[in-house]
Amino acid sequence: MTDINRLENQIIKSLEVALEHSKADQTEALAIAHDSALTRFSNSSIHQNVAEKNVHLSIRTIKDKRIGYAATNRLDEESVCKTVDMANKIGKERPQDNEFKSLPKSKPARKSDSYITSTAHFSPAQRASAVKLIIDKALDNNLSAAGSISNDAAVLGVANSLGIKSIQPTTQASLSTVISSSTSSGFAGFVTKNIDTMDPEKLADTAIKKALLSKEPVSIKPGKYTVILEEEAVATLVSFLGFIGFGALAFQEQRSFLCGKIGKKIVGNNITIWDDALDKRTMGFPFDFEGVPKQKVILIEDGVAKNVVYDSYTAQKEGKESTGHGLPAPNSYGPIPTNLFLKAGTSSIEEMIASTNKGILVTRFHYTNIEDPIKTTLTGMTRDGTFLIEKGKIVSGIKNLRLTQSILEALTSVEQISNKTCLIDSGFGACRVPALKIGDFNFTGVTEF
């Protein structure tokens, strides 16, 4: 893996060169460097082992309210200067953005302990050893194993002409596996900044148990059922809320489910959702892609809509300050919460199952998408471990179902919440969420598998 100190110094130098070279009214330089490695396996054998090093430097310049953007994957002085010149040239051809006020000014941002050496230096042999453990356990049960394990070291650096200069290294590792028979499959996954906390044997046991328990699945009719959603499935619901409606741009453009709802109850009293990148139980950076320190933001408290998150552009529209949720510019999404939390409850999954007369246990969803962002209607499929519960016990696997369900309505019908939470890589960042027992969850179709 890359010498992290050398890479930090290289990034700092490139940011300084960009700011010194620019003749714009305001300039921002953002650098993201990755050193990542990945091992994939399928049909109980490793079939891919890859590593990649790359860097992305993006420049944003503002001259007479005309904003230019340009990017490169080189950090040498000549390339940096050419990229700044290109941003200025592009900006001259663009119309003025009269809603733009200013890039953010410098504020103190603390460093986090998000860089773990053992994660950065986890070797191909170590990844292969973890995979072998999973494959061997699957074969011992006459099952087939597939999945991937990866480790990544990254450095984020951002500086602007108003005094911001922030840099942060971080690491991330993930392991996921699907264990299959001819008629069933089971999933387990784990994501962390510290690979020493990863337990491949535990993940294998979880996925194997699901695959064995769901063999020869039965078919049930679509309809409304009590469901117990494990953490992977819950993270899908919560992360989609973040993407479609917890950001200020969606709110300002009247396409958020929170429009007209701030201060009003929108879900059950037992639901509290917030975003906090500085919580050690997640993997967030201490500042956003504009260099603004991240803040904890309560989004829903005891069922009541409270806030949205801001970047500098959307905050200045309302005379507010950024909450530190800016994405790399340019983007069409605006600010998004990327370190979401859902408050834990007092139950265990075993207690949820025992209290259910008839229901469905869902491991995770896939092929999910939003049909209606205002109604928060989500559609998708169950996958890799869907089970029928009768009289407080799991009685069989069931064939996968299609859901068509309002997320807010689901969170209004939460009957129990688990006392433990898991960190899930959600695709829009990370979510730390519990499992949920929900009444009247709507399934609208069935499959043949």
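**View 1. The lining of the largest pocket, sorted by residue class.** In this predicted model, the walls of the largest pocket bring together 15 nonpolar, twelve polar and 14 charged residues. The lining is made of 41 residues, and K202, T206, E231, I349 and C422 are the ones nearest the pocket centre. Two or more lining residues come from each of β6 (185-192), α5 (200-213), α6, α9 (349-354), β12 (358-372) and β16 (414-425). If you are thinking in volumes, the space here comes to about 1200 Å³.

**View 2. The second largest pocket and its surroundings.** Here the volume is about 750 Å³. Take a look at Q172, F285, F289, T338 and G429, which lie nearest the centre among the 28 lining residues. Strands β1, β4 and β5 (165-180) each contribute at least two residues to the lining of this pocket. Sorted by class, that lining holds 13 nonpolar, eleven polar and four charged residues.

**View 3. Strand β1 with its partners β2 and β4.** Strand β1 spans residues 26-42, and 13 of its 17 residues are buried, so the strand is largely enclosed by the rest of the structure. It runs antiparallel to β2 (residues 45-63), with 17 bridges joining the two; one place to look is S36, whose bridge partner in β2 is E52. β1 also runs antiparallel to β4 (residues 144-160), this time through 14 bridges, and D35 has A153 as its bridge partner there. As a reminder for reading this view, side chains in a regular strand alternate between the two faces of the sheet.

**View 4. The turn between β1 and β2.** These two strands form a hairpin with two residues between them. If you check the backbone torsions, you will find that N43, in the turn, has a positive phi of about 50 degrees.

**View 5. The largest nonpolar core, seen around I273.** This core counts 54 residues, and L229, I273, I360, L411, F441 and F443 have the most contacts inside it. Helix α6 (residues 231-245) gives the most to the core, with eight residues. Beyond its neighbours within four places in sequence, I273 is in contact with V238, L241, F246, I298, L299, I300, L340, F341, L342 and L411. In soluble globular proteins, nonpolar side chains tend to be buried together.

**View 6. M381 in strand β13.** M381 sits in β13, which covers residues 377-390. Its relative accessibility is 9%, so M381 counts as buried. Setting aside residues up to four places away in sequence, M381 touches R364, F365, H366, L401, R402, L403 and T447. For a sense of scale, the C-alpha atoms of M381 and S150 are 26 Å apart, with 231 residues separating the two in sequence.

Conventions: Residues are numbered from 1 along each chain as its sequence is written. This is a predicted model: local features need pLDDT of at least 70, side-chain atom pairs count only at pLDDT 80 or more; totals for chains, interfaces and linings use all residues. Side-chain values use heavy atoms; hydrogens and water are left out. Helices (H or I, at least four residues) and strands (E, at least two) are DSSP runs, numbered from the N terminus. Buried means under 20% relative accessible area, exposed over 50%, partly exposed in between (1.4 Å probe, protein chains only). Contact means heavy atoms within 4.5 Å. Two strands pair if DSSP finds at least two bridges between them. A nonpolar core is a set of buried Ala, Val, Leu, Ile, Met, Phe, Trp, Tyr and Cys residues joined through side-chain atoms within 4.5 Å. On a 1 Å grid over the protein atoms alone, a cavity is a set of points where a 1.4 Å probe fits but cannot get out, and a pocket is an open set with protein on both sides within 12 Å along at least five of seven lines; lining residues have an atom within 4 Å of a point. Grid points are joined across faces, edges and corners, and a volume is the space filled by probe spheres set on the points. Ala, Val, Leu, Ile, Met, Phe, Trp, Tyr, Cys and Pro count as nonpolar, Asp, Glu, Lys and Arg as charged, and the others, Gly among them, as polar.
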